[in-house]
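Hi,

Here is the structure I said I would pass on. Have a look at it first, and my notes follow underneath.

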Amino acid sequence: MKYAPAKPPLTGETLATLTARLKEHGEPAFRAKQILDWVYKKRARQWDDMTNLSKPLRAWLDATFELMPVSLVLNQQSEDVTDKLLLELGDRSLIETVIIRVPQEGVGLDHSRKTICISTQVGCAMGCVFCASGLMGLKRDLNAGEIVAQLLQVCYREDVRTPRAHMELASFDNIVVMGMGEPLANYDAIIRALTIVNADWGLGFGARRITLSTSGLVPKILQLADEPLGLRLAISLHGATDEVREKIMPVNKAYPLAKLLPAIKTFSEKHGRMVTLEFILIEEINDSLIQAEKLRDIALDLHAHVNLIPYNTVEGLPWKRPSITRQERFADILRDARVSVTLRREKGHDIDAACGQLRLKTEKDRELAAM
Ligand code: SAH
Ligand code: SF4
């Protein structure tokens, strides 16, 4: 399960680690900043683009680091506003990065707000019964460089629909760590990656615009509460009682609501910011009005925002989304109590946007091709 690339990715280096590595090689400290500027500010795509470095230094860098550890395999554009990048890693593993555009009134797609959804593992070990990423189990963790590289791939791609992509370093407004994998099960790599994304010598992207979503690993939520980064937190709740949650999320056995809810409270008190509770609506599993009432009480107690997400069907799984009327009735119970709630109209249904589905399909195609 451990993956050791032949050369470590440059995108996994911090200013401190790169400086130390260069020092060992007899280079002055300022070189590290120069190199990182090429990667994050000028988006150099090959070592030879780094023209203020000597040829021998470029050759050493090439022999020592992988400049870009992920390559674009497929860019699937939907008819609405969601694009999906299928990326291949050094060991041919596949991951997904999704770009979600939210058009702003009166300005059209060109100036839409963009949210990038990144993956943190190949597959996932948590085994939530409704999720495509969970179906294949965990193949391996991503390293920090592979996590950061997903964002650079978004910056690189020629996006005819958004001229902003050519004008800004980070051509997106928000990052959500909600792709394939359980980020807190790959804790050190995700913290290192987001530190690089946030740093002024890296992508310079504000931590308040980064939301990390977890299925509820309590000790790691408490650890995250003490990180200086200041990320936003979303919790995949999906059940407002242990009885319902346990049926669909095995993690609830180790960390039932009696442990999870106080941990969320600790996090939001330390950060002074609202946590989001994600609640997928699945027909006849968690869409009863009793669940809505329990969810309302939890949200009021935690002073949390609730994101209701109509379930996205996954090939091979039996679950369905409830009717729109049922979704609205569920939401109304929360709204009536003045809980801050959004009922998401999901984007990209036509391009398998739910977590892990495009990869699942491509893996299956590969298996068929190999037969
Ligand atoms: N592992 C983390 C982050 C990745 S999953 C977590 O579970 O929070 C990102 C979100 O997508 C989670 O809220 C997850 O429950 C949700 N999700 C998974 N499969 C889905 C589906 N088929 N339809 C809608 N949402 C789904
Ligand atoms: Fe893993 Fe999140 Fe999917 Fe659960 S919902 S299997 S934690 S990716």
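How many helices and strands does the secondary structure of the protein chain come to? The count is 14 helices and twelve strands. Bear in mind that this is a predicted model, so please read everything below with that in mind.

Some overall numbers to begin with. The protein chain has 371 residues, and buried ones make up 56% of them. If you take contacts between residues at least 6 apart in sequence, 67% of them join residues at least 24 apart.

Next, the core. The largest nonpolar core holds 107 residues, and L277, L295 and L308 have the most contacts inside it. Helix α5 (residues 144-156) supplies the largest share of this core, with nine residues. Where does the core sit relative to domain 1 and domain 2? It lies between them, because domain 1 (10-64) and domain 2 (70-370) both contribute residues to it. As general background, nonpolar side chains in soluble globular proteins tend to be buried together.

L295 is a handy place to start if you want to click around in there. Once you leave aside neighbours within four places in sequence, L295 touches L237, A240, L277, F279, V306, L308, F330 and L334. Two of those partners, L277 and L308, are also on the list of residues with the most contacts inside the core.

The helix I spent time on is α11. It runs over residues 257-271, and at 1.5 Å a residue its 15 residues should span 21 Å; the end C-alpha atoms are 21 Å apart, so the two agree. Its buried residues are L257, L260, L261, A263, I264, F267, S268 and H271. Looking down the axis of α11, these fall within an arc of 160°, which means they line one face of the helix. A258 and E269, on the other side of α11, are exposed.

What do the buried residues of α11 pack against? The partners are α8 (218-225), β9 (232-236), α9 (242-248), α10 (251-254), β10 (276-281) and α12 (289-302). Just after α11 comes G272, with a positive phi of about 60°.

One pair to look at on the α8 side is Q223 and F267. Q223 is found in helix α8, while F267 is one of the buried residues of α11. They are 44 residues apart along the chain, and their C-alpha atoms are separated by 9.2 Å. Is Q223 buried, exposed or partly exposed? Its relative accessibility is 34%, so Q223 counts as partly exposed.

Helix α1 (residues 15-24) can be read the same way. L18, T19 and L22 are buried there. They cover an arc of only 100° around the axis, so they sit on the same side of α1. The face turned away from that buried side carries A16, K23 and E24, which are exposed. The buried residues of α1 pack against α2 (30-41) and α3 (55-64). After α1 comes G26, whose phi is positive, near 85°.

Last, the cysteines. The disulfide count comes to zero. C117 has 10% relative accessibility, so it counts as buried. C155 also counts as buried, because its relative accessibility is 2%.

Cheers

Note on methods. Residues numbered from 1 in each chain as written. Chains lettered and ligands numbered in written order. Predicted model: local features only at pLDDT ≥ 70, side-chain atom pairs only at ≥ 80, totals over all residues. Heavy atoms only, no water. Helix = DSSP H or I, 4+ residues; strand = E, 2+ residues; numbered from the N terminus. Expected span 1.5 Å × (residues − 1). Buried < 20%, exposed > 50% of the residue type's maximum accessible area, 1.4 Å probe, protein only. Arc of directions from axis to C-beta. Contact = heavy atoms within 4.5 Å. Core = buried A, V, L, I, M, F, W, Y, C linked by side-chain atoms within 4.5 Å. Domains from an automatic or database assignment. Disulfide = S-S within 2.5 Å.
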